[in-house]
Amino acid sequence: MMVAISRDGSIWTLDLGADENRFSPDWLGAVESALDELEASTEPAVLITTGDGKFYSNGLDLEWLGAHPEQHQAYVDRVQALFARVLTLPVPTVAAVNGHAFGAGAMLAMAHDYRVMRADRGFFCFPEVDINIPFTPGMSALITAKLAPRAAQQSMTSGRRYSGVDAETIGIVDASAPLDRLLETATEFVRDLAGKDRTTLGTIKSRLFGDAVDALTGDSTGGTK
């Protein structure tokens, strides 16, 4: 696990790690701490999240879950709380999807204001239909809050793996770019938004996505990957 947050002026970059970046408890703790650091600041800021290698994030840590079944509910609640936090973060956010984004990893990207995906390698996928694990109500609400109905239906019920170009065509991501321009392209979406008042922006997001936030932070019975 190599989660790290860095700052270059108003641009904060959260590196999710260089492996599969699965949502282990330690990984979640590192990401939560990084967001704490960002939210404790008071200067104009935007947030870019990205990975370093083949994966953006491969989703839940199923190996850990298998070893700790008694903590399943608390774990899913914690993951959904992270989604809700990113969804309503009081600074502009963009996911620079550098590689594979599957399951909960794809949902983390969906929680951002914008998404830019590598054009030449990597897939964006909601595999739940093929692994017989229904989306929780909160996760369904998150995805449908961000995607047009047809894109949500196709991506959630097919289990299709979308390349960056295909994901852009259907509207899952806002743009695709070669790896050497991924961060630059992502930054272009948020750079000029750094001065937005945090209280106002946070309130707008909380109300805009109120139904999804309520679903994510309420009853999380169901399942996901």
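**Strands, helices and the terms used for them**

Tutor: Start with one pair: the bridge partner of V97 in β7 is M117. Keep in mind that this is a predicted model.

Student: What makes β5 and β7 a pair of strands?

Tutor: Pairing requires at least two bridges. Strand β5, residues 93-97, and strand β7, residues 114-118, are joined by four. The count meets the cut-off, so the two strands pair. They run parallel. Another position in this pairing is A96, which stands opposite V116 of β7.

Student: How do you know that β7 also pairs with β9?

Tutor: Apply the cut-off of at least two bridges again. Three bridges join β7 to β9, and these strands run parallel too. M117 takes part here as well: its bridge partner in β9 is S176.

Student: Where do these strands sit in the sheet, and what is the strand order?

Tutor: The order is β1-β2-β3-β5-β7-β9. That is an open sheet of six strands with mixed pairing.

Student: Why are β1 and β9 called edge strands?

Tutor: Each of them pairs on one side only, β1 being residues 4-8 and β9 residues 175-177. As for the twist, neighbouring strands are turned by 20° against each other on average, direction ignored.

Student: What makes β7 largely enclosed?

Tutor: Buried means under 20% relative accessible area. Four of the five residues of β7 are buried, so the rest of the structure largely encloses this strand.

Student: Which helices lie on the sheet?

Tutor: One is α1, residues 25-40, which lies across β1, β2 and β3 and runs at about 170° to β2. Another is α8, residues 182-190. Helix α8 touches β2, β3, β5, β7 and β9, and its direction makes about 165° with that of β7.

Student: Why are α3 and α10 called roughly antiparallel?

Tutor: The term needs an angle over 145 degrees. Helix α3, residues 72-87, and helix α10, residues 210-217, pack at about 160°. That exceeds the cut-off, so the two are roughly antiparallel. Their axes are 8 Å apart, and the crossing is left-handed.

Student: Which residues make that contact, and of what class are they?

Tutor: From α3 come Q80, F83, A84 and L87; from α10 come A212, V213, A215, L216 and T217. Seven are nonpolar, two are polar and none is charged.

Student: Q80 is found in helix α3. How do you know whether Q80 is buried or exposed?

Tutor: The relative accessible area of Q80 is 0%. The cut-off for buried is under 20%, so Q80 is buried. The C-alpha of Q80 is separated by 7.3 Å from that of G138, 58 residues apart along the chain.

Student: G138 lies in α5, residues 137-146. What makes α5 roughly antiparallel to α10?

Tutor: The axes of α5 and α10 cross at roughly 160° and come within 7 Å. An angle over 145 degrees qualifies, so α5 is roughly antiparallel to α10. This crossing, too, is left-handed.

Student: Which residues form the contact of α5 with α10?

Tutor: Helix α5 gives P137, G138, M139, A141, L142 and A145, and α10 gives A212, A215 and L216. By class, there are eight nonpolar residues, one polar and no charged. Glycine counts as polar, so G138 is the polar one.

Technical notes:
Residues numbered from 1 in each chain as written. Predicted model: local features only at pLDDT ≥ 70, side-chain atom pairs only at ≥ 80, totals over all residues. Heavy atoms only, no water. Axes fitted to C-alpha atoms, helices over the stretch in contact; angles between N-to-C directions. Contact = heavy atoms within 4.5 Å. Parallel < 35°, antiparallel > 145°, perpendicular 65-115°, else oblique. Left-handed = near helix turned anticlockwise from the far one by under 90°. Buried < 20%, exposed > 50% of the residue type's maximum accessible area, 1.4 Å probe, protein only.
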